[in-house]
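Student: Could you take me through one part of this model in close-up, residue by residue where it pays off? After that, step back and tell me how far the rest can be trusted.

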Protein chains: 2
Amino acid sequence: MFSRTAVVCQLLHQFHQPSRSFSMKNLKTSFNSETVTNIFKNNWRSLASITQPVKRKFLARWRRRFRNALIVTFVVGGSVYGYKLYRSRQWYNEMRDSELTIGQKPRVVVLGTGWGAVPLLKHIDTSKYEVVCVSPRNYFLMTPLLPSVSVGTVETRTVIEPIRTLVGPRIKYIETECINVNPKEKIITCSADGTKEITVAASDRDKLPLEQNIEDNKEGGSSSRKIRDSARTRPKFDMKYDYLVVAIGSENNTFGIPGVEKHAHFLKEVLDARRIRSAISDAFESAMVPSQTDEEKKRLLHFVVVGGGPTGVEFAAELADYVREDLKRYFPRLVENDVKITLIEALDHVLSMMDKKISDYTEKHFHRENIEVLINTFVKGIKQREVIVQEKGSTELKSIPCAVVVWATGIKARPLTNKLRETIGTDKQNNRMGLLTDKYLRVKGVDDGTIYALGDCATIEQQKLLDRIQLLFEESDIHKRGALTLDEFRSLIENKINEYPQLEIFQKGIEKSFYEADKTKSGQITLEALRSVLEKADKKLRSLPATAQVATQEGRYVADLLNYMAHPTTTTTSERFKPFNYTHLGSLAYVGGDAAVIDFSGSKPLLDIFSLKPLSGRGSYYLWKSFYFTEQFTTRTKVLLAFDWLRSNIFGRDLSRY
Amino acid sequence: MFSRTAVVCQLLHQFHQPSRSFSMKNLKTSFNSETVTNIFKNNWRSLASITQPVKRKFLARWRRRFRNALIVTFVVGGSVYGYKLYRSRQWYNEMRDSELTIGQKPRVVVLGTGWGAVPLLKHIDTSKYEVVCVSPRNYFLMTPLLPSVSVGTVETRTVIEPIRTLVGPRIKYIETECINVNPKEKIITCSADGTKEITVAASDRDKLPLEQNIEDNKEGGSSSRKIRDSARTRPKFDMKYDYLVVAIGSENNTFGIPGVEKHAHFLKEVLDARRIRSAISDAFESAMVPSQTDEEKKRLLHFVVVGGGPTGVEFAAELADYVREDLKRYFPRLVENDVKITLIEALDHVLSMMDKKISDYTEKHFHRENIEVLINTFVKGIKQREVIVQEKGSTELKSIPCAVVVWATGIKARPLTNKLRETIGTDKQNNRMGLLTDKYLRVKGVDDGTIYALGDCATIEQQKLLDRIQLLFEESDIHKRGALTLDEFRSLIENKINEYPQLEIFQKGIEKSFYEADKTKSGQITLEALRSVLEKADKKLRSLPATAQVATQEGRYVADLLNYMAHPTTTTTSERFKPFNYTHLGSLAYVGGDAAVIDFSGSKPLLDIFSLKPLSGRGSYYLWKSFYFTEQFTTRTKVLLAFDWLRSNIFGRDLSRY
């Protein structure tokens, strides 16, 4: 009559809807009693509760739920607590270990806590080395988000992470500044108060005649805040090292233009961003004061950004967002009539290191966003209330009245870099931009190869093929015929590609290159033909850009290299370990109004599968966001960044000034 | 055979579990076909879908869901967008209105953006007055959370709210400092650069011989940051007012103790908290530098808090939390051996304004938390690396070596307050603590009653009953018998309670007080007896504490008073509007280790129903938290505060120093 399933199904249905007044008795009368009894025998566990009065069932269920909740709470709470305990135990043990083994392992001293130093510190094998990190800045700074910080889209604490949290207990960190390196005795000298010593030593720093009364002096890498006298007792001390890694970065280059140091804001450190944020708010509040003239309002609300690189462009974009999205609400008249943003670029394009399409897109986009772009314009000086500019090909000096100037042009070597260059000898270290290194990032001129340099403060010396063409030719010309066959040419490239990475361009089409060079179709190429071939490769030589991407890869590379060297079987590195090879992954910049640009040109073939075309617009903006989100080193900063983006979307940016 | 309900029930069950292979056909065969058909006729809508194939149903459901989702998205999105648009329209309209009516309505100028000014600005009727707020600080600061900010439990931006956001578009805000008030012409003079003018005028400010080279000068209320020259052009200007409300607060009192201004941290403004946070981190980092002696480490990690009031206690508590919860992880050895926190209090108890039980609890609790409490100890001077103290009853001066000193003792009048007192005449304004006002918060000595003062910068002058006892007696003694009957005594109290709020203590037991005074049981009291009665009332006189609670209520009161006065029927206020009456709601303080103390003593009878007993411990901590959470003025700060508490619980506090 009935399928058994149907009855069970109905019973289960009742069971799940206990509020119905449907009891065992009804069931028995309405169904065939035998069937029901059979079913009960087979399913008594799941049906047992039906036989009980509704009220008791209700209580029992809640008792059960409560019991389960208790069990879950205890188990989860216990596990979390246990894990926390375990982690803190582990932390203490590691910390103790790292203190106990002082002097037992070779000591690696890392100068810096930036993009180069942190990957190194994270990947170096602390069981092989005693690692000491020395830097005046006790946190890592997510520099690409600084433009966001400077207008309040993202808060300051979101873009920084304490170095101790980041690298863990096995690495010792000392907050102090290295003021001298002695490569011969393998000793560094540190002092927190030592900045002056360097400032005097570095001759080209304070050349420009500064007026008196510079109160906010921007000395040091980390902070221009004056350490209060009471706590500032950090005696000068020396430290021995076995390996030294210099990753101290760079400082802002004023190119000797008068007034920049005094009147312009930089955008390199956290405090710079805070100062800019304050200055923007200050400008608006000043313009709101009654009895300001219209002209003065226009001056106060004219923001000038010098430098059309990613930093300058992103700052201008973020500022335009800030004005449109938040300030317009509070200062509608000022925003409509007086606010002006000008971007000054000396070259003929903004974002000139990126694809031409991207530059064009950005310029158009900026035009829509009411950001004026002055290309081919040189800044000749900055005064208290104006910027003096000169157009290319013109001798006329123009004055741009303004209140806030952000200087985002270029970088130069830090005083310590220059001092180290002088110590080693400027004949060997003849690059004013930074420390010259070999392809293994070892500083040139340090004979025992114990000093490494990476990031903005270092430049890899690139050997030109043409300088050694005679030797290369003779080495490859095994049959001494005065010409190379295809096989000889191939072995030349394959043997030398490690030493001369620029040979890579031939790797895919060795035969093609050979036949192109072999114009006489003789099956051989002469020295002259080889010269024209190798010239092409040399032309590809370009020193690596001073970006976070390069520094990160270099840091990781040096960590791997040092780990490799710690193996007892290794004697010389150069034969077995590959030289540093930079893999460009593309570059990106936010251009405001929820749009970003991404340029993949120059990125390695692996990324070809996506697209080599430059991207721009809203899609890129989400890519940009997700990229910076994933780039955050820790969960903490990830959570904070997500929260900040949400916050500034919902509540707007905060215009308090302090 | 079957109840119809059972069948429908089963069908519905099938309908809700469509994945079963249970179709119309099976149903018809297993059930009486006629019944089913009948049911179908009655329930065709709900059962219709059963007749369709499963696949089509599935698609249809998803189509329906998608359609519903679309509708919901459009409706919700449209409403949100519409509401936003409406709000911004409204905002602009209000802003325009407030600009159009300049000069048409009486102008109320409010000086300050603190606890007194903000409630006033929020409640004043802007349709009746043109309201202008003048303050050098363009945000409201949640001062009680400053101790949390100073160790990083809560972030800076969480405790501040831009004044423009807070008070809306109808109130004009000017970021400038009032440097002079002319009560006769009803004009104020403002200038952002005017701090110097006042500093010179205020004679008792820089009395102590300051050594040269004070770089971090803590002038002004809001910020010791130097405004960059380029933007700082805020011409001095005058502004007329019809009503002036002075709510400029107070500044830290150094009591003329040498070295405080230079070597101690205050804890009154946001930047103070930031400086302290930085100094704590600095002390730990300095102690970690190799070659520090043990003695020097102990000095560097000795934190001294001067002042056992709520601010000092809360700061010491937060610092102990910070050390135990976060710094211990990174500096385990230093925390175990060298860290010391000392609280210095001149009286014989901490939190002396609270209940004795609370003081005892706090002192015991601090003992457990390793905070040393020095009671009966006076600070005689602060030097660069030490605090000089003297115990009560001793002439010996002791030196306490330390690095970070937080000064949280007392307050004094701001320069503008003193200047205004001098302008009015110090004979009438003879209170050095602030501006004397009448019970309607009108500043004494300003004849037209157009200046109000409230908050820390004001003191309500309290009339003693005894000063006028003769007059009171004669007025009340209607029958001229030289003695008061119970009825006369009652009418005296009821008539005069507005003028003399201290009479309130009799209100509940007029008869009891009368018969107590009437020792001869004659049914009358003489002048002498009345004197002894009223003396009791006068003893209850105490000027209101300088707390946020008082300022808030005063601000609200002045707003109500001004709104009341705007009614055209009102001519004099004193007859119809009640004088200000402070309702104490209790006081609370966080004492560390997830414990807080709450004191209800002095709170009004309404709160008797809860409990008048002081609370302490973990429960109070949650009360403390929920109180500050609800106290936040805006959703934004509420969300931020909740997030901050969560963040510092999960990720710990950030020890980056910048």
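Tutor: Let's start at B:Asn370, which is partly exposed because 13 other C-beta atoms lie within 10 Å; the buried label would take 20 or more, and exposed would take 12 or fewer. Bear in mind throughout that this is a predicted model. B:Asn370 sits in the loop between α14 and β14 (371-374) of chain B. Its backbone is worth a look too: phi is positive, about 65°, although the residue is not a glycine.

Go to the other side of α14 and you meet another residue with that kind of backbone. B:Leu351 lies in the loop between β13 (340-344) and α14 (356-368) of chain B, and its phi is near 45°, again a positive value in a non-glycine residue. The surroundings are another matter: B:Leu351 counts as buried, because it has 25 C-beta neighbours inside 10 Å.

Now move along chain B to B:Glu386, in strand β16 (residues 386-391). Buried or exposed, with 21 C-beta neighbours inside 10 Å? B:Glu386 counts as buried, because the cut-off for that label is 20 or more. Who is around it? Setting aside anything within four places in sequence, B:Glu386 is in contact with B:Ser399, B:Ile400, B:Pro401 and B:Cys402. Take B:Cys402 from that list: it is 16 residues away along the chain, yet the two C-alpha atoms are separated by 5.2 Å.

Keep following the chain and you come to strand β18 of chain B, residues 404-407. In a regular strand, side chains alternate between the two faces of the sheet. In β18(B), B:Val404 and B:Val406 point one way while B:Val405 and B:Trp407 point the other, and all of them are buried. What pairs with this strand? Strand β12 (residues 302-306) of chain B runs parallel to β18(B) and is joined to it by 4 bridges. Strand β11 (residues 265-266) of chain B is parallel to β18(B) as well, with 2 bridges. B:Trp407 turns up in both pairings: B:Val306 has B:Trp407 as its bridge partner, and B:Phe266 stands opposite B:Trp407.

For a contrast in pairing, hop over to chain A. There β6-β7-β8, in that order, make an open sheet of 3 strands with antiparallel pairing. β6 (178-182) and β8 (237-240) are the edge strands; each has a single partner, so one side of each has no neighbour in the sheet. On average, neighbouring strands here are turned by 25° against each other, direction ignored. Looking at one pair, β6(A) and β7 (residues 187-190) of chain A are held by 4 antiparallel bridges, with A:Asn182 standing opposite A:Ile187.

Now the wider view of chain A. You'll count 23 helices and 27 strands, and buried residues make up 43% of its 658 residues. Of the contacts between residues at least 6 apart in sequence, 68% join residues at least 24 apart. The domain assignment gives domain 1 (4-51), domain 2 (260-412 + 584-650) and domain 3 (483-539), and the centres of domains 2 and 3 are 45 Å apart over C-alpha atoms.

Two annotations from UniProt, both from an unreviewed entry, can be set against the coordinates. The record lists residues 66-86 of chain A as "transmembrane region"; in the model that stretch is 100% helix, with end C-alpha atoms 29 Å apart. It also lists "domain: EF-hand" for residues 505-540 of chain A, where the model has 67% helix and 6% strand, and the end C-alpha atoms are 8 Å apart.

As for trust, the predictor gives the complex an ipTM of 0.80 and a pTM of 0.81. Chain A averages a pLDDT of 81, and 82% of its residues score at least 70. Among its elements, strand β9 (residues 243-246) has the highest mean pLDDT, 96, and helix α8 (residues 195-201) the lowest, 37. Over residues 194-230 of chain A the pLDDT is below 50, although the model gives that stretch 59 contacts beyond near neighbours in sequence. Residues 18-24 of chain A also stay under 50, with 6 contacts beyond four places in sequence. Where pLDDT is low, the predicted coordinates should not be read in detail.

Definitions and conventions:
Residues are numbered from 1 along each chain as its sequence is written. Chains are lettered from A and ligands numbered from 1 in the order in which they are written. This is a predicted model: local features need pLDDT of at least 70, side-chain atom pairs count only at pLDDT 80 or more; totals for chains, interfaces and linings use all residues. UniProt positions are given in the numbering used here, feature names are shortened, and annotations may be inferred rather than shown by experiment. Domain bounds come from an automatic or database domain assignment. Two strands pair if DSSP finds at least two bridges between them. Axes are lines fitted to C-alpha atoms, for helices over the stretch in contact, and angles run from 0 to 180 degrees between N-to-C directions. Two residues are in contact if their C-beta atoms, placed from the backbone, lie within 7 Å. pLDDT is the predictor's confidence in each residue, from 0 to 100.
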